[in-house]
Amino acid sequence: MARKQLALFAAGSTLPEGFRYQAEVISVTAEQELLGNIRDLPFKAFEFQGFVGKRRTVSFGWHYDFNEGILRPAEQIPDFLLSLR
């Protein structure tokens with residue numbers, strides 16, 4: 001069954017300077033592998049000054065603790081993301 005990709009940018013839309021859109025940057029197989037790896041990342045609820053945001057995040061390299069106002073070391077970026085960086 002063929003799936004139709006919805007357009008992220010309408011025809012004639014303007015991107016910020018330095019940005020460009022390129023269709024099919026990665027293959028469907030690579031996309032599925034990437035999604036499988038992302039599902040395994042240790043996402044946690046985003047906390048900001050005692051409130052929990054409606055999103056889950058994961059940090060690489062450094063993590064800023066908004067509750068304590070300090071920067072802390074975080075896990076390094078996983079190998080599977082290096083080629084996309």
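**Exercise 1. Determine whether Trp62 is buried or exposed, and place Trp62 in its surroundings.**

Step 1. The relative accessibility of Trp62 is 53%, so this residue counts as exposed; the classes are buried for under 20% relative accessible area, exposed for over 50%, and partly exposed in between, with a 1.4 Å probe and protein chains only.

Step 2. Trp62 belongs to strand β3. Strands (E, at least two residues) and helices (H or I, at least four) are DSSP runs, numbered from the N terminus.

Step 3. Together with Phe48, Tyr64, Phe66 and Leu71, Trp62 makes up a nonpolar surface patch with about 510 Å² of accessible area. A patch takes residues with over 30% relative accessible area and no salt bridge, joining like charges within 9 Å and nonpolar side chains (Val, Leu, Ile, Met, Phe, Trp, Tyr) within 5 Å. Accessible areas come from the Shrake-Rupley method with a 1.4 Å probe, and for residues only the protein chains shown count as cover.

A note on the basis of these values: the model is predicted, local features need pLDDT of at least 70, side-chain atom pairs count only at pLDDT 80 or more, and totals for chains, interfaces and linings use all residues. Residues are numbered from 1 along each chain as its sequence is written, and side-chain values use heavy atoms, with hydrogens and water left out.

**Exercise 2. State how many aromatic pairs the whole structure holds, and describe those that involve Phe66.**

Step 1. The search of the whole structure returns three aromatic pairs. Rings of Phe, Tyr and Trp (its six-membered ring) pair if their centres lie within 6.5 Å; planes under 30 degrees apart count as stacked, over 60 as edge-to-face and the rest as tilted.

Step 2. Because the planes of Phe46 and Phe66 stand at 65°, with ring centres 5.6 Å apart, this pair is edge-to-face. The pair links distant parts of the chain, 20 residues apart: Phe46 is in strand β1 (residues 44-48), whereas Phe66 is in the loop between β3 (62-65) and β4 (70-73).

Step 3. Phe66 also pairs edge-to-face with Tyr64, at 4.9 Å centre to centre and 75° between the planes.

Step 4. The accessibilities can now be added. Phe46 has 21% relative accessibility and counts as partly exposed. Phe66, at 33%, is partly exposed, and Tyr64, with a relative accessible area of 37%, is partly exposed.

Step 5. Phe46, Phe48, Tyr64 and Phe66 are joined in one aromatic cluster. The charged end of Arg55 sits over the ring of Phe46, 5.7 Å from the ring centre; this requires NZ of Lys or CZ of Arg within 6 Å of the ring centre and within 35 degrees of the ring normal.

**Exercise 3. Identify the salt bridges of Arg72 and the exposure of the residues that take part.**

Step 1. Side chains of opposite charge can pair when their charged atoms come close. A salt bridge places a side-chain nitrogen of Lys or Arg within 4 Å of a carboxyl oxygen of Asp or Glu, and the count comes to two salt bridges.

Step 2. Arg72 meets Asp65 in a salt bridge of 3.6 Å, N to O. Arg72 forms a salt bridge with Glu68 too, where the closest N and O atoms are 2.8 Å apart. Asp65, Glu68 and Arg72 are thereby linked in a network.

Step 3. Asp65, in strand β3, is buried at 15% relative accessibility. Arg72 is partly exposed at 31%, and Glu68 is exposed at 54%.

Step 4. Neighbours within four places in sequence aside, Asp65 is in contact (heavy atoms within 4.5 Å) with Ile70 and Arg72.

**Exercise 4. Locate Glu24 and Gln49, and give the sign of phi for each.**

Step 1. Glu24 has a positive phi of about 50° although it is not a glycine. Glu24 lies in the segment before α1 (28-39) and is exposed, with a relative accessible area of 76%.

Step 2. Gln49, likewise not a glycine, has a positive phi of about 50°. Gln49 is in the loop between β1 and β2 (51-57) and, at 53% relative accessibility, counts as exposed.

**Exercise 5. Summarise the secondary structure and burial of the protein.**

Step 1. The protein has two helices and four strands, in the sequence order α-β-β-β-β-α.

Step 2. Of its 85 residues, 8% are buried. The protein exposes about 8100 Å², of which carbon and sulfur atoms supply 55%.

Step 3. Among contacts with a separation of 6 or more, 14% join residues 24 or more positions apart.
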